[in-house]
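Here are my notes for your first look at this model. Keep the viewer open and check each point as you read.

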Amino acid sequence: MTGPLGAPAPAPAAAFEVLTSAEPGAIAIIRLTGPASTLVRVVRPFPALPGAVAYADLAGVDAGLAARLDADTLLVTPHGGAAVVAAITDRLRRAGLRETTGAPRERFPEARDAREASLLEALSRAASPLAVPVLTGAISGRADTAIPGVDRLDRLVDPPLVAIAGPPGCGKSSLLNALCGRASAVTDPGAGTTRDWTVTRLDLGGLVVRWADTPGWRPTEDPLEMAAIRAAQPVLESADLLIVAGSPDHPACPTDGPADGPAGGPAVLSRRPDLRIGLKSDLGALAGADLCVSARTGDGIAALLACIRHRLLRGPSGASTDDSEKMLAEDTGAG
Ligand SMILES: Nc1nc2c(ncn2[C@@H]2O[C@H](COP(=O)(O)OP(=O)(O)O)[C@@H](O)[C@H]2O)c(=O)[nH]1
Ligand SMILES: [Mg+2]
């Protein structure tokens, strides 16, 4: 009979954790922990001693630096594309490594306290470049002070949804193209060009958002266009920031807004817009707009970005543009 004392001690479990953000980046950093006898199966050549670095094959998927921090810990740095990281983590699981996502205090033992560990954890997965000065400023600052200029740190970490609505032809898709610096959306002088709503990831001067371009609101008999307008409705309802646009040649908004949806059109929205903008300001200013911009000349774009950042990052009390927005503008070089 073989008692438990006679059995060989079970091998300590090997584990891995992707330390870098899920956003695509040049490299990813994955921490491997466990006995060298297990890790050597997925990292070859294996850095022999603590402190050693090797250029190694990583799970047969990619090659990159492997640094041995101590007897049981290895950091490996494959390319940062989502497909590479997914393929490597899949191989690691098949090799018997368990995925861990430790508590911030465990993941960042160098942090002075729980708050600093949480800030470092947020920094490791933040989507917005603006998170870097904001979070590093907060980490180096006093532990009990709020972060100046940012009430909604979560929105620097997870990109908020911005949706734009307005009559067809007022220039919504042209604004999107101007903001992303390329022809992302099809634009045309003919009304009803944007049929389906689309989401594009945009960096608005350091704040990364998901920008939803939607089909224009107008009375229509066309079942396809009606279906597209209806499909966009939940996006408009759920957006973190709802922008309503109009232009001098298609002025139906901004005073009306989609909340007064077209007769015979989709159901009325339950919310009012957060921001009313006048597009094609090169043709003239739109009465009732909070601000006017021209996708054609670029006029007003910087002010629009500053306004969007302010509205998304300040809480309900952050009604006025004050020093905090100046700080954000200086951080990002935009204004
Ligand atoms: N003058 C001027 N025309 C614009 C501007 N932005 C868009 N347009 C034109 O307006 C038309 C409709 O634009 P589009 O972006 O497709 O409008 P949407 O239906 O609201 O997406 C196109 O012919 C654009 O070239 C602008 O800032 N100034
Ligand atoms: Mg369009």
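**Notes on the fold**

1. Start with Pro-234. Pro-234 is exposed, because just 11 other C-beta atoms lie within 10 Å. The cut-offs are these: buried means 20 or more other C-beta atoms within 10 Å of a residue's own, exposed means 12 or fewer, and partly exposed is in between, with C-beta atoms placed from the backbone. Pro-234 sits in helix 8 (residues 223-238). From Pro-234 to Leu-269 is 35 residues in sequence, yet 9.0 Å in space, C-alpha to C-alpha.

2. A word on the source. This is a predicted model, where local features need pLDDT of at least 70 and side-chain atom pairs count only at pLDDT 80 or more, while totals for chains, interfaces and linings use all residues. Residues are numbered from 1 along each chain as its sequence is written, and chains are lettered from A and ligands numbered from 1 in the order in which they are written.

3. Now the overall make-up. The chain has ten helices and 13 strands. Helices (H or I, at least four residues) and strands (E, at least two) are DSSP runs, numbered from the N terminus. Of the 335 residues in the chain, 37% are buried.

4. Next, the open sheet. Its six strands have the order 9-10-8-11-12-13, with mixed pairing. Two strands pair if DSSP finds at least two bridges between them. Strand 9 and strand 13 (291-292) are the edge strands, each pairing on one side only.

5. Look at strand 10 (residues 207-213). Six of its seven residues are buried, so strand 10 is largely enclosed by the rest of the structure. Strand 9 (residues 198-204) pairs with strand 10 in the antiparallel sense, over seven bridges. One partnership there is Arg-201 with Arg-210. The hairpin of these strands has two residues between them, and Gly-205 takes a positive phi near 65 degrees.

6. Strand 8 (residues 161-165) runs parallel to strand 10, joined by four bridges. Ile-164 stands opposite Asp-213. Four bridges also join strand 8 to strand 11 (residues 241-246), again in parallel. Here Ala-165 has Val-244 as its bridge partner.

7. Which strands does helix 8 touch? Helix 8 packs on the sheet against strand 8, strand 10 and strand 11, and its direction makes about 125 degrees with that of strand 8. Helix 7 (residues 172-180) lies across strand 8, strand 9, strand 10 and strand 11, at about 40 degrees to strand 9. Axes are lines fitted to C-alpha atoms, for helices over the stretch in contact, and angles run from 0 to 180 degrees between N-to-C directions. Contact means C-beta atoms, placed from the backbone, within 7 Å.

8. Then the cores. A nonpolar core is a set of buried Ala, Val, Leu, Ile, Met, Phe, Trp, Tyr and Cys residues joined through C-beta atoms within 7 Å. The largest has 51 residues, of which Val-162, Ala-163, Leu-207, Ile-243 and Ile-277 touch the most other members. Helix 9 (residues 301-313) gives the most to this core, with seven residues. Another core lies apart from it, with 20 residues, including Ala-56 and Val-85.

9. Finish at Leu-58, in strand 4 (residues 53-58). Is Leu-58 buried or exposed? Leu-58 is buried, because 24 other C-beta atoms lie within 10 Å. Not counting residues up to four places away in sequence, Leu-58 touches Val-43, Ala-63, Gly-64, Val-76, Pro-78 and Ile-88.

Key. Two residues are in contact if their C-beta atoms, placed from the backbone, lie within 7 Å.
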